[in-house]
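Biologist: I've got a new model open and I'd like to learn how to read it. Can you walk me through it, feature by feature?

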Amino acid sequence: MLNELLQQEIQAISRGRDVGVLYLNDLDSFSLGCAAGLSGKQVTLHVFTLNGARSRYVESSCAIAQKMRWQIEVHDINTGIFFEQIRGLLGSISVHRKNDVAMFYVVSELMPTLTENLTLWPSGLDILCGLTSNFGGIHKSNAQEFLTLRRTLLERSEIPANCIALQTSAKKKLFAPYAQSHAVIDHFLRRDWRALNMNRDGSHVQLKAAVRQAFYGEIRRAGKIETHSSAFKSSGLNLLISEVVKNKSINFKLRRSLGEILIDWRLKRAQL
């Protein structure tokens with residue numbers, strides 16, 4: 001069912017044969033590539049390097065593309081003006097976590113170079129499956145609490161607005177099905193934590209099992225698919241973002257943590 005829903009969404013909004021996937025070498029982005037391919041689209045994975053340095057993330061992504069017969073393009077991001085780039089990013093969109101900074105930094109740098117009229121972005125699945133730090137033990141056992149918190153987080157999510165803000169032209173759409181598709185979101189909201197994160201017979205935890213089951217055949221063909229992305233760590237982007245707290249033009253109130261800095265920027269944008 002999930003497989004078909006994603007295919008339908010891609011077919012509905014894609015105006016051409018080519019579809020891009022901002023690929024993070026994880027289950028989330030792999031599922032989007034599979035859905036696009038199964039819907040008859042020519043899939044191109046877009047991956048990134050920093051200052052020309054190859055990483056395990058890029059090498060693994062290239063191997064997946066070869067096995068799945070997808071195209072792949074490697075885009076190099078020059079971090080010589082990294083802090084200026086981050087200031088521009090925080091001044092234009094709202095972000096809440098370190099991982100958000102990394103994700104939308106990559107999106108903002110790659111979008112101007114992409115040629116497809118539709119690019120898929122894998123954000124949002126961790127909320128739907130109840131795997132962010134907001135969730136606790138009660139949400140695994142209480143279906144109503146699980147549903148309520150997911151609805152709350154989806155209402156507060158900045159992903160849809162940020163996708164629109166980072167589109168570089170009306171002809172190039174950035175779409176995150178796990179955060180923007182009502183049909184896909186409803187599919188997940190109808191299921192409790194165990195249905196989403198336990199194996200078929202319910203004998204043990206398998207995070208995002210529902211997604212693995214939906215693309216079982218494609219995963220067997222590709223080989224091992226990581227549940228969570230290591231792209232930002234492997235590329236060195238996480239280390240760069242950790243240096244943000246030392247930059248006074250970004251950390252203008254001399255905060256001790258990145259989370260506090262992000263709050264300052266959200267308040268600053270709200271006052272504009």
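Modeller: Sure. Keep in mind that this is a predicted model. Let's start with some rings: F48, Y57 and F232 form a cluster linked by ring pairs. Searching the whole structure turns up eight aromatic pairs.

Biologist: Let me stay with one of those. What does F48 touch, apart from residues up to four places away in sequence?

Modeller: Quite a list: L24, Y57, V58, H75, I77, V106, L110, A231, F232, S235 and L237.

Biologist: And which residues touch the most other members of the largest nonpolar core?

Modeller: The general idea comes first: in soluble globular proteins, nonpolar side chains tend to be buried together. Here the largest nonpolar core has 86 residues, and those touching the most other members are F30, F48, W121, Y178, F188 and L237. Helix α5, residues 98-110, gives the most to this core, with eight residues.

Biologist: Then is K98, at 33% relative accessible area, buried, exposed or partly exposed?

Modeller: To be buried, a residue needs to be under 20%, and to be exposed, over 50%. K98 has a relative accessible area of 33%, so this residue counts as partly exposed. K98 belongs to helix α5.

Biologist: Which residues does K98 contact, leaving aside neighbours within four places in sequence?

Modeller: N238, I241, S242, L258 and L262. Take S242: K98 and S242 are 144 residues apart along the chain, yet their C-alpha atoms are separated by 8.5 Å.

Biologist: What about lysines and rings? Which rings does K268 sit over?

Modeller: Look for the charged end of the side chain above a ring face. K268 has its charged end over the ring of F252, 5.0 Å from the centre. K268 also lies over the face of W265, at 4.5 Å from that ring's centre.

Biologist: Now the strands. How many bridges join β2 to β3?

Modeller: Seven, and the two strands run parallel; β2 covers residues 42-50 and β3 covers 71-77. To follow one bridge, start at T49, whose partner in β3 is D76. Together with helix α3, residues 56-68, these two strands make a right-handed β-α-β unit.

Biologist: One more helix, please. Which residues of α11 are buried?

Modeller: In α11, residues 182-189, the buried ones are V184, I185, H187, F188 and L189. F188 came up earlier, among the core residues that touch the most other members. To see what a helix packs on, follow its buried residues: in α11 they pack against α1, α6, α8, α10, α12 and α13.

Conventions
Residues numbered from 1 in each chain as written. Predicted model: local features only at pLDDT ≥ 70, side-chain atom pairs only at ≥ 80, totals over all residues. Heavy atoms only, no water. Pairing = 2+ DSSP bridges. Helix = DSSP H or I, 4+ residues; strand = E, 2+ residues; numbered from the N terminus. Right-handed = clockwise from strand over helix to strand, strands pointing away. Core = buried A, V, L, I, M, F, W, Y, C linked by side-chain atoms within 4.5 Å. Buried < 20%, exposed > 50% of the residue type's maximum accessible area, 1.4 Å probe, protein only. Contact = heavy atoms within 4.5 Å. Phe/Tyr/Trp six-rings, centres within 6.5 Å; stacked < 30°, edge-to-face > 60°. Lys NZ or Arg CZ within 6 Å of the ring centre and 35° of its normal.
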